[in-house]
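Hi,

Here is the structure I promised to send over. Have a look at it first, and my notes follow underneath.

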Amino acid sequence: MSSLTIPSSLDSWQPADVMRWAAGQFGIDGLVVTASFEDAVLVHVAATAVPGIEITLLDTQYLFAETQWLVDELTKRLDLNLRLIRPLPDVLPDNLWQTDTEGCCHVRKVEPLNRAIAGKAAWVTGIRRADGPTRADAAVAAFDIGRGLVKVNPLATYSDDDMALYAHLHELPAHPLADKGYASIGCWPCTRPVAPGEDKRAGRWSGSAKTECGLHV
Ligand code: SF4
């Protein structure tokens with residue numbers, strides 16, 4: 001890993017080329033691709049650029065039914081190699097999201113992610129600079145010191161228009177909530193639609209200071 005050189009030109013690469021670079025660097029078994037399935041773009045990029053690559057979904061127990069639908073639809077359409085990572089067996093559905101969102105995200109997202117990336121050399125995510133101010137500096141690829149691996153964000157430079165064009169060109173299904181004002185989609189208890197002009201992630205943990213679930217920090 002110490003000999004890894006991250007190309008300085010990655011910002012100008014297409015997402016599929018970033019995926020192929022990552023697969024070449026780390027091997028298909030050295031990568032973990034996590035997808036939230038709030039849209040189909042990352043999943044399509046990863047599965048078509050690196051056929052057979054495992055796509056990991058963190059099943060928090062609180063995914064929207066509409067998200068489950070998109071998971072099923074894309075799994076069939078793209079013949080996805082889907083891996084579901086669930087919370088530990090002693091984490092049962094509860095009301096923690098009402099009283100302790102940090103604790104709830106920890107047992108349903110952070111701990112499962114740590115299991116998903118254990119032993120991997122690189123982690124591929126769908127975060128984009130256009131997601132909002134907290135992600136404005138996201139690199140296409142950079143060493144994540146905290147987690148001890150390389151974090152690869154093939155869509156980091158994609159604007160909302162780029163995402164829409166990609167989805168249109170590849171005739172990808174949309175998340176059913178996308179045209180109902182849900183600009184960012186996570187767990188149903190902690191996601192609301194946003195009003196015109198609001199930040200895209202304003203509907204996540206609305207009314208609290210929390211802006212990230214702990215995965216992308
Ligand atoms: S987003 Fe909400 S429901 Fe989902 S894990 Fe975090 S606190 Fe729990």
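How many positive and negative side chains does the chain have, and how far apart do the centres of the two sets lie? Keep in mind that this is a predicted model. The chain carries 20 positive side chains and 27 negative ones, with 2 Å between the centres of the two sets.

On the overall fold: there are six helices and six strands. Starting from the N terminus, the order is α-β-α-β-α-β-α-α-β-β-β-α. A compact globule of 217 residues would have a radius of gyration near 17 Å, and the chain agrees because its own value is 17 Å. The C-alpha trace spans about 45 × 40 × 35 Å along its principal axes.

As for packing, 47% of the 217 residues are buried. If you take contacts between residues at least 6 apart in sequence, 67% of them join residues at least 24 apart. The accessible surface is about 10400 Å², and carbon and sulfur atoms account for 53% of that.

I also took a closer look at helix 1, residues 15–26. Its twelve residues should span 16 Å at 1.5 Å a residue, and the end C-alpha atoms are indeed 16 Å apart, so the two agree. Its buried residues are Pro-15, Val-18, Met-19, Trp-21, Ala-22, Ala-23 and Phe-26. What covers them includes helix 2 (41–49) along with strand 1 (31–34), strand 4 (122–124), strand 5 (141–144) and strand 6 (149–152). Just after the helix comes Gly-27, with a positive phi of about 80°.

Cheers

Definitions and conventions. Residues are numbered from 1 along each chain as its sequence is written. This is a predicted model: local features need pLDDT of at least 70, side-chain atom pairs count only at pLDDT 80 or more; totals for chains, interfaces and linings use all residues. Side-chain values use heavy atoms; hydrogens and water are left out. Helices (H or I, at least four residues) and strands (E, at least two) are DSSP runs, numbered from the N terminus. The radius of gyration is taken over C-alpha atoms; the globule rule is 2.2 Å times the number of residues to the power 0.38. Buried means under 20% relative accessible area, exposed over 50%, partly exposed in between (1.4 Å probe, protein chains only). Contact means heavy atoms within 4.5 Å. Accessible areas come from the Shrake-Rupley method with a 1.4 Å probe; for residues, only the protein chains shown count as cover. Lys and Arg count as positive and Asp and Glu as negative; His and the chain ends are not counted. The place of a charge is taken as NZ of Lys, CZ of Arg, CG of Asp or CD of Glu. The expected span of a helix is 1.5 Å times one less than its number of residues.
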